[in-house]
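Open the model in your viewer and switch on the cartoon. Keep side chains ready to display. The tour moves from one selection to the next.

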Amino acid sequence: MPERDLFANFERMRREMDELFGDVFHRPGFAPRKRAGFSPAVDVSYAEDPPRAIVTAELAGIDADELELEIQGRELVLAGNRRAAESEGRLYQQVEIEHGPFRRVVQLGAEVRAEEAKAVYEDGLLRIELPLATPDATRRAVPIEVRDSREGE
């Protein structure tokens with residue numbers, strides 16, 4: 001009796017399943033979501049005259065009333081919510097625009113004067129200008145106290 005390859009049928013069945021389903025499990029609608037909400041794209045740059053940090057966030061489709069800005073030391077906290085589009089009566093073929101709540105913490109490379117920050121929201125871009133805090137340039141000589149270790153013996 002000739003030897004049979006016990007796994008030949010399994011390999012053939014796997015190929016047929018791949019042809020039948022393709023990459024269906026790798027499509028966005030079937031893959032498990034990595035997180036709720038989304039994280040907006042952010043650019044951070046620095047300008048010299050006047051010295052300031054400039055943060056630009058891509059927030060298309062978000063109502064300005066849904067945005068919150070907060071500065072904590074060297075961190076800019078941007079939070080908000082992009083509401084889902086009205087979907088009643090629609091059958092979607094593809095869904096890629098992320099929606100939901102978000103909170104993005106942007107690390108700044110310098111101290112800023114938070115009380116002078118300005119933000120403008122236009123055409124889906126939020127531009128935040130944060131004047132840099134100038135380090136205290138005053139110098140102070142620090143006297144050095146010399147103690148004799150033999151004192152007190």
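Select phenylalanine 38. Its relative accessibility is 8%, so phenylalanine 38 counts as buried; the cut-off for buried is under 20%. Keep in mind that this is a predicted model.

Now add phenylalanine 102. This residue is buried too, because its relative accessibility is 5%. Display both rings. Phenylalanine 38 and phenylalanine 102 form an aromatic pair, and the structure holds one such pair. The centres are 5.1 Å apart, the planes stand at 50°, and the pair is tilted.

Where do the two rings come from? Phenylalanine 38 lies in the loop between helix 1 (8-21) and strand 1 (42-47), and phenylalanine 102 lies in strand 5, so the pair ties together parts 64 residues apart in sequence.

Stay on phenylalanine 38 and show arginine 82. The charged end of arginine 82 sits over the ring of phenylalanine 38, 4.4 Å from the ring centre.

Next, colour residues 75-82, which make up strand 4. Strand 4 runs antiparallel to strand 3, and five bridges join the two. To find one bridge, pick glutamate 68: its partner is alanine 79 in strand 4.

Zoom out to the sheet. Three strands make an open sheet in the order 3-4-5, with antiparallel pairing. Which strands stand at the edges? Strand 3 (68-72) and strand 5 (100-107) do; each has a single partner strand, so one side of each is left without a neighbour in the sheet. Look along the sheet to finish: neighbouring strands are turned by 15° against each other on average, direction ignored.

Methods
Residues are numbered from 1 along each chain as its sequence is written. This is a predicted model: local features need pLDDT of at least 70, side-chain atom pairs count only at pLDDT 80 or more; totals for chains, interfaces and linings use all residues. Side-chain values use heavy atoms; hydrogens and water are left out. Two strands pair if DSSP finds at least two bridges between them. Helices (H or I, at least four residues) and strands (E, at least two) are DSSP runs, numbered from the N terminus. Axes are lines fitted to C-alpha atoms, for helices over the stretch in contact, and angles run from 0 to 180 degrees between N-to-C directions. Rings of Phe, Tyr and Trp (its six-membered ring) pair if their centres lie within 6.5 Å; planes under 30 degrees apart count as stacked, over 60 as edge-to-face and the rest as tilted. Buried means under 20% relative accessible area, exposed over 50%, partly exposed in between (1.4 Å probe, protein chains only). A charge sits over a ring if NZ of Lys or CZ of Arg is within 6 Å of the ring centre and within 35 degrees of the ring normal.
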